Amino acid sequence: MRNRLFGKDIITVETLQKEDIDLLFEKTKEMEKLVKNKGGDDRLKRKILAALFYEPSTRTFSSFITAIQRLGGGFIPLNGMVQTSVAKGESLEDTVKVFSYYSDVIVVRFPEVGSAKKAAESVSVPVINAGDGAGEHPTQALLDTYTIKKHVGTFSSLTVGIIGDLLYGRTVHSLTKLLFKLGVGRFIFVSPKVLKMPREICNQIKNGKGKVLEVENLSDVIGEIDVIYDTRIQKERFSDFSLYERLKHFYIIEAKLMEKAKKDAILMHPLPRVGEIAVEVDSDPRALYFREQLRNGLYLRMALLDLILRR
Ligand code: NCD
């Protein structure tokens, strides 16, 4: 298969084609074997990744850093851009330009929708969007989709239920678009009324003959869902703090509720969770957020870096 991802930016899932995703998932499987057998290799020796994070991150930041190291490369880890010249007022465009002279790939997280695209337009090295405000988070969606694919036969027969802050949750924006592209035909969006999935994403599905059900009550629909994807209410996007306080525990998935879910459903979450899945649920064999999503995040990011950085 031809590697069309070489030298490419990853800003949104919309520009990815099925063949790119197939190739990436094949490579992800290889990376899993490589890590398990040898820990990694030196194929990205002397390649440097700059990770510029203007918003907090635990998993995305550290898995990218781990991924480049397991393939022999180096990194510039800036998880706390406030300590750089940003504090003196330097723009994102100028900052990425600087790092493009030091590195071969830039991973950026910035609080504004569209910022990763702007960053990519300012430099010639590839840029990976690690979250542009409430916009998209394509690598999270890719690792989630890879995880789903490992557990289910075909995408077309799935009902995917997405729960929580669908308005501001960038992971679920990317995930919904990607799963629809790959053939999922039915979505149940479960959210408080003020945090519904953006209209353009719903319309994209409906116009493409997909089915969308939007509800507020999770308990009524959980029994119909094959992939239960939960997310936190995105506190940092609220200007009205009392509204956040009212909504933060709108959904809490407890063992009792999971009794109503399908026996072969899977339960996912991009993490961090802040109370929306009870700790008692972690030992449910259907819960994949610690066991699988984290591991797959590393393998998928290794695969992506390999494809972007080597022809
Ligand atoms: C997500 C994010 O930053 O959008 N976290 C992550 O990358 N796994 C989800 C979130 O913060 O809710």
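This is a short group-meeting talk about a sheet, the helices around it and a ligand.

Hi everyone, and thanks for coming. Please keep in mind that what we are looking at is a predicted model.

Let's begin with the sheet. It is an open one with four strands, in the order β2-β1-β3-β4, and the pairing is parallel. Which strands stand at the edges? They are β2, residues 74-79, and β4, residues 127-132. Each of them has a single partner strand, so one side of each is left without a neighbour in the sheet. On average, neighbouring strands here are turned by 10° against each other, if we ignore direction.

Now zoom in on one pair. Strand β1, residues 48-53, runs parallel to β2, and six bridges join the two. If you want a place to look, find A51: its bridge partner in β2 is P77.

Next, what packs on this sheet? Helix α2, residues 59-70, does, and it touches β1, β2, β3 and β4. The direction of α2 makes about 170° with that of β2. Helix α11 packs on the sheet as well, touching β1, β3 and β4, and its direction makes about 140° with that of β4.

Stay with α11 for a moment, as two more helices meet it. Helix α1, residues 18-38, packs against α11 at an angle of about 115°, with the axes 8 Å apart. The crossing of α1 with α11 is right-handed. Among the residues that meet are L23, L24 and F25 from α1, and Y299, L300 and M302 from α11. How do the residues of this contact divide? There are twelve nonpolar, one polar and four charged.

The other partner is helix α5, residues 138-151. Its angle with α11, residues 289-309, is about 115°, and the axes are 9 Å apart. α5 also passes α11 in a right-handed crossing. The contact includes Q140, L143 and Y146 of α5, along with N296, L300 and R301 of α11. This time the residues divide into five nonpolar, seven polar and four charged.

Did you notice Q140 there? It brings us to the ligand, because I'd like to end with its surroundings. The residues around the ligand include T60, R109, H137, Q140 and R170. An N or O atom in the side chain of Q140 is 3.1 Å from a nitrogen atom of the ligand. R109 has a polar side-chain atom 3.1 Å from a ligand oxygen, and for H137 the distance from a polar side-chain atom to a ligand oxygen is 2.8 Å.

That's my tour, thank you!

How values were computed. Residues numbered from 1 in each chain as written. Predicted model: local features only at pLDDT ≥ 70, side-chain atom pairs only at ≥ 80, totals over all residues. Heavy atoms only, no water. Axes fitted to C-alpha atoms, helices over the stretch in contact; angles between N-to-C directions. Left-handed = near helix turned anticlockwise from the far one by under 90°. Contact = heavy atoms within 4.5 Å. Nonpolar A, V, L, I, M, F, W, Y, C, P; charged D, E, K, R; others polar. Pairing = 2+ DSSP bridges. Near = heavy atom within 4 Å. Polar contact = N/O pair within 3.5 Å; in protein donor to acceptor, adjacent residues only side chain to side chain.
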